[in-house]
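Let's take a walk through this protein together, one piece at a time. Have the sequence and the 3D view ready, and follow along as the elements come up.

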Amino acid sequence: MTLTGTRSTATAGPELVRPPTLPAPRQAPAPPNGSGLRKEDLHGSLRDPVLDTMNFLNEITHRYPEAISFAPGRPYDGFFDTEQIFTYLRRYLDHLETSGASPAEVRSALFQYGPTSGQIRELIAESLRRDEDIDVPPESIVVTVGAQEAMVLAVRALIPGPEDVLLVASPCYVGITGAARLLDVVTIAVEEAEDGFRCADLEAAILAEKARGRRPRAFYVTPDHSNPSGNTMPLGTRRELLDVADRHDILILEDSPYRMVSPGQQLPTLKSLDRTGRVVHLGSFSKTLFPGARIGFAVADQLVTDRTGATGLLADELSKIKSMVTVNTSPVSQAVVAGMLLAAGGRTSQLNTKTAAYYGDAMRVTLTELATCFPEDERAALGVRWNEPTGGFFLTVTVPFRADNAALVRSAEEFGVIWTPMSYFYPQGGGDRTLRLSVSYLTHGQIAEGVARLAHFIRSQGHS
Ligand SMILES: Cc1ncc(COP(=O)(O)O)c(C=O)c1O
């Protein structure tokens, strides 16, 4: 490090690695202060804690880099191979050529703006048919920038006015509550019991909203290995939920990105059980293929009729909104994802046999370590318990103290372990004494050490 004058490469600043031919950047001018922007004059969502939760977690993770973090819901890095991106891109280009595309068409397919609804819809429809028993025409699919964009499009289209509400299973993924907040859409939380969601609670919430003169329009839920709780909805509840939706004329937004990264046979999706067009299925390749591609999709095969009686698909309406949000999803990203699907014979599941086994083992290791660190009699005395998800990335631990930001800072600083306060995921409050552990991003060795540290932390907190 004598050349750089720093103690290690890690402490070397960017100026040391900048190519010598590039001029040093000019000092950034001080921001103009005459405009006098006040936060109160910006959109209200920017003062909503829901938009800050992830920032706080990132900050903690950066502040305590030595801590073992059970916070990120990211796939394990060990499965990614940079060279594969080129192989998959080539695979898709070969597919276009063998399907009769001219060199100019192949070039456009990568370089140009693409169709707003996406250019790999046939392949996605095929993978849904093979893997998920979801049989829909490609025209009912909109390829999106992650499931996140699909949420924005669906919420914007389906919840039109201030008297309309979006019901959400609670706790729920912050992406949906954040999207609703950005769009000034009212969300009503339907709280899950400890063992999962109950249809009676949804029905009660629908009736209560109707009694207040509001129109419940849709219900958002993650039926499989939910983020954050880890719970999975039993088959009977799925059927019951579809009945409730029918009876009360609401749509269901099904967001289930953890199915194929979970071991064993999965229960049928709500969409595959749906006989009356109640389900809009929101898809994501972030956990199954790779999140950097930012490829997701919405399956919206519902018919929409206008005042003249003309009909079209809900997908077409979502596509109109998308044309004003992201115009189209990156064709390069779509091409890589398409190459992956083609290489796996059109099945996302084929690409996930190893990953599902790995994450299944990670969950098992976590549960075993928790059981070892907290023997049964001590567990009850301490008031510590956890659920036992059969897949996915997350589990919930109940603790005998407030699992808030202050506790998290102490856990990171003094015990070297980071987790997510479950209260982040309750849109209308709750979850104060529970925390979320994500098991996906760590090695099994890190999990064992992390759980031991967590156990020390929990014991040190006692009841408070
Ligand atoms: C339930 C759920 N939905 C959607 C997403 C995000 O999907 P995407 O990366 O496709 O936007 C996540 C990511 O953590 C998630 O947990």
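Start with one pair of residues: Leu395 stands opposite Leu437 in E15. Keep in mind as you look around that this is a predicted model. The strands behind that leucine pair are E12, covering residues 394-398, and E15, covering residues 434-438, and five bridges hold them together in the antiparallel sense.

Now zoom out a little. E12 and E15 belong to an open sheet of four strands, ordered E11-E12-E15-E14, and the pairing is antiparallel. At the edges you'll find E11 (385-386) and E14 (420-421); each has a single partner strand, so one side of each is left without a neighbour in the sheet. What holds strands side by side in general? Strands of a sheet pair through backbone hydrogen bonds, and they can do so in a parallel or an antiparallel way.

This sheet has a helix packed on it, too. Helix H12, residues 353-373, touches E11, E12 and E15. Its direction makes about 15° with that of E12.

Next, look for the other sheet, which is an open one with seven strands. Reading across, the order is E2-E8-E7-E6-E5-E3-E4, and the pairing is mixed. Which strands sit at the edges here? They are E2 (141-145) and E4 (186-191), each of which pairs on one side only. From one strand to the next, the twist averages 25°.

For a parallel pair inside this sheet, pick out E5 (residues 215-221) and E6 (residues 251-255), which are joined by four bridges. Across that pairing, Phe219 stands opposite Ile252 in E6.

Helices cross this sheet as well. H8, made of residues 235-248, lies across E5, E6 and E7 (279-284), and it runs at about 145° to E6. H4 lies across E2 and E8 (295-299), and the angle it makes with E2 is about 105°.

Stay with H4 for a moment, as we turn to charged side chains. Arg129 forms a salt bridge with Glu126, with the closest N and O atoms 3.0 Å apart. Why can these two meet? H4 spans residues 121-132, and Arg129 and Glu126 are three residues apart in it, so about one helical turn separates them. Are they buried or exposed? Neither extreme applies: Arg129 is partly exposed at a relative accessible area of 35%, and Glu126 is partly exposed at 26%.

Further along the chain, Asp404 and Arg402 form a salt bridge, their closest N and O atoms lying 3.9 Å apart. Asp404 is partly exposed, with a relative accessible area of 28%, and Arg402 is partly exposed as well, at 44%. Back around H4, salt bridges that share partners join Glu126, Arg129, Arg130 and Asp135 into one network.

Another pair to find is Arg38 with Glu40, a salt bridge whose closest N and O atoms are 3.8 Å apart. Arg38 counts as partly exposed, at 45% relative accessibility. How many salt bridges are there altogether? The count comes to 32.

Cysteines tell another story. A disulfide is a covalent bond between the sulfur atoms of two cysteines. How many does a search of the whole structure find? The answer is zero. Take Cys172: the closest cysteine sulfur is in Cys199, 17 Å from its own, which is too far for a bond. Cys172 is also buried, with a relative accessible area of 3%. Cys373 is buried too, with 18%.

Finally, step back and take in the whole chain. Its secondary structure comes to 15 helices and 15 strands. The radius of gyration is 24 Å, close to the 23 Å that the globule rule gives for 464 residues, so the chain is as compact as a globular protein of that length. Measured out along the principal axes, its C-alpha atoms fill a box of roughly 65 × 65 × 55 Å. Buried residues make up 51% of the 464 in the chain. Among contacts between residues at least 6 apart in sequence, 73% join residues at least 24 apart.

Terms used:
Residues are numbered from 1 along each chain as its sequence is written. This is a predicted model: local features need pLDDT of at least 70, side-chain atom pairs count only at pLDDT 80 or more; totals for chains, interfaces and linings use all residues. Side-chain values use heavy atoms; hydrogens and water are left out. A salt bridge is a side-chain nitrogen of Lys or Arg within 4 Å of a carboxyl oxygen of Asp or Glu. Buried means under 20% relative accessible area, exposed over 50%, partly exposed in between (1.4 Å probe, protein chains only). Helices (H or I, at least four residues) and strands (E, at least two) are DSSP runs, numbered from the N terminus. A disulfide is a pair of cysteine sulfur atoms within 2.5 Å. Two strands pair if DSSP finds at least two bridges between them. Contact means heavy atoms within 4.5 Å. Axes are lines fitted to C-alpha atoms, for helices over the stretch in contact, and angles run from 0 to 180 degrees between N-to-C directions. The radius of gyration is taken over C-alpha atoms; the globule rule is 2.2 Å times the number of residues to the power 0.38.
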